[in-house]
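Student: Could you take me through the aromatic rings in this one, with a close look at how they pair up?

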Amino acid sequence: MLIRYHCFYYALGLLCLTLGKVLHPLFYLLLGVYAIFVYRRLSLYHLCLMILLCIIFYLQPHYILQLPSEIEGEVIKASEKYCYLKTDIGTVKLYHQEAIEYGDVIKAKVEPLELYENTNDYAFCERDYLYGQKIFHKAYLQTLLKQQHHPTFYHWLEQRLSDHQDINDYQKLFILGERNESIHDDYQVLTDLSLVHMFALSGMHIHILYALIKNVLGLFLPRSLSRLITYLLIGFYIFSIPMLVSLYRAFFVLLLYDLLKKWLNKLDVFAILIMAPLFYNPYIIFNISFVFSYFVYFIVLLTQHMRYSSFWIYLSSLPIILTLNAQIPLIAFFVSDILNLFIEYFYSLCIFSIIFPALEIILKYYVRVFQSILSFLETINHFIVFSKPTLAWLILFYFFYFRLLLRQEIQHRYRHDICALLSLMLVLNVWSQYKIYGEVTMIDVGQGDCTLIRLPMNQGHILIDTGGHQEYDLATQTIIPYLKSVGISHLDYVYISHDDFDHCGALDSLLEHFSVGQVIDSFEESRQIGCAHIQMLKSDKIYSDSNDQSLLMYVTLPAMNILFMGDASVAVEKDVEKQLQDLDVDVLKVSHHGSATATSATFLSQIHPEIAMIGVKKDNMYHHPSLEVIERLQRKGITILRTDQDGMFHIRFYGKERYILR
């Protein structure tokens, strides 16, 4: 047959084409190699069918329509600050200050907003995240023209939730798939432990719910009728709450396999459920829920008859965990097995407490026990920080992983494949920690300064200023994720140039959530750190302006010398004029984000830098950097690197050679 036992071959070909179209053209080459494999492994008929599916997919239009000034639609997801509005031109993420609820039909006058792309390496990309949910527009609600509220099953469920905050948090998480801010700390611990998939509403919970309903109905109804009613009830439920990819996948796997098992096996059904979302939205490959739930379920299908299947499933998830968090929690595997039964009862209690509120008494103690478990796990847990793996590493890992599964299936020796996987993990860890090159990186923290100096062969990691943001935690959301993504688990020194918030606002959070050796925020003459020598300049005068009190640091590295001017003004430049005469400056960290109050022509003539670094926010209210300063730098022929245009940038050095990476 062209279909039975072969659907997965077609799905894999379609997936390669999607990755080539959306992610990188290199996957087209992989598709060509795979086409040869299909021809040799199967036949010309199967190859032709796969090519036909790929042609249909490739020619399918995926237009992004322009956002009009007025939109109307139904709210399919709601929170305090924004909602997702399903309209004629697609789904729009709409920021608002109104009382808008799930299921409302609204008409509004809107102002388009830009979808932000990641400006720091390995950072969260809003554009990819929203595209993965088929959301191509973001807007701000200016005027609410119409609002109609429609009571739904979702609202009935919401009204049945407990008044007790802790219980409500977990009921909402398990039943509605939504996370309250009050549960943020617990959720963050689960994320760090790589256990969040066990608690976020997913396919595992649908299987538990299916078994619960079917067993209860089976006490009163014939088996076939109870199964039918169970499918109807679960279908009604998952289509009445905000869309979750993992729920849809789990539900349709159950349903379609039950309907088509005479003609298709589970892998065929799974393959169909891969192809359908790709046709609907090729950008769904950016949806981490799609990637994680589909891939793990695929591994479940492959290993369900093997011994130690839970180990093979966990092993397959390691590259995904590294891609997301750049670290591996050592206790995650052992804890997940222990918690499985606990989660089943926890979830079941949340479900039954909707119908029988008296169960909230038991659920209250369950929540307390769980929070105690989380606190204990957080205490004993230890992470191994690697870095985010490269595409080549991922390909090699899964090559040996699937080869290992195959050898175990046919009962061949697989000792060499295990050694290969262990070697890959070891190589990634060593390469992450012991880079043969050094690097100076200006992290894009918006309107602020934050520069990382990474010395070669793990000689030291130095952070100069941390930046600061009033609306979110810059340390936990930007700085620490980047440090871990490049394999840095400890900062030896953090220098703070002065106490302005845009230079030190994230320091307290950084110290709380990351390992830091020493913070230096006052003058010291010099310090040697590995191959880096840090010398401070100081004027004899006392300044009333905090900007002029900035620490002036001259950092000597094998391939360059860098002068950090903090936010010092022209007055300070004049006062340290004699000290500047003895300095050989290759790179200048421009003072005060390029403000016209500093970086005078006289100052530039004294130090003659080749590169200028500017940390500044795009379209900032201060109009930094000053056009006057930029023209001054350009007239000197100085290469200008600025975070508002280049995002994060690096000056990498090998021995005496240096290269700019933007």
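Tutor: Happy to! Let's begin with charges over rings, keeping in mind that this is a predicted model. Lys21 sits over the face of Tyr58, 5.3 Å from the ring centre. Lys93 is placed over the face of Tyr82 in turn, at 4.5 Å from the ring centre.

Now for the rings with each other. A pair of aromatic rings is described by the distance of the centres and the angle of the planes. Searching the whole structure gives 43 aromatic pairs. One of them joins Phe124 and Tyr129: the ring centres are 5.5 Å apart and the planes meet at 55°, so this pair is tilted. As for their surroundings, Phe124 is exposed, with a relative accessible area of 59%, while Tyr129 is partly exposed at 35%.

Trp393 and Phe397 make another pair, with centres 5.3 Å apart and planes at 25°; angles under 30 degrees count as stacked, so this pair is stacked. Both residues belong to helix H16 (residues 391–409), where they are four residues apart, about one turn of the helix. An α-helix has 3.6 residues a turn, so residues three or four places apart point the same way. Trp393 and Phe397 are both buried.

These two rings also have company. Trp393 and Phe397 are part of one aromatic cluster, whose members include Phe8, Phe270, Phe290, Tyr294, Phe295, Tyr297 and Phe298. Tyr398, Tyr401 and Phe402 are among the members of that cluster as well.

Conventions:
Residues numbered from 1 in each chain as written. Predicted model: local features only at pLDDT ≥ 70, side-chain atom pairs only at ≥ 80, totals over all residues. Heavy atoms only, no water. Phe/Tyr/Trp six-rings, centres within 6.5 Å; stacked < 30°, edge-to-face > 60°. Buried < 20%, exposed > 50% of the residue type's maximum accessible area, 1.4 Å probe, protein only. Helix = DSSP H or I, 4+ residues; strand = E, 2+ residues; numbered from the N terminus. Lys NZ or Arg CZ within 6 Å of the ring centre and 35° of its normal.
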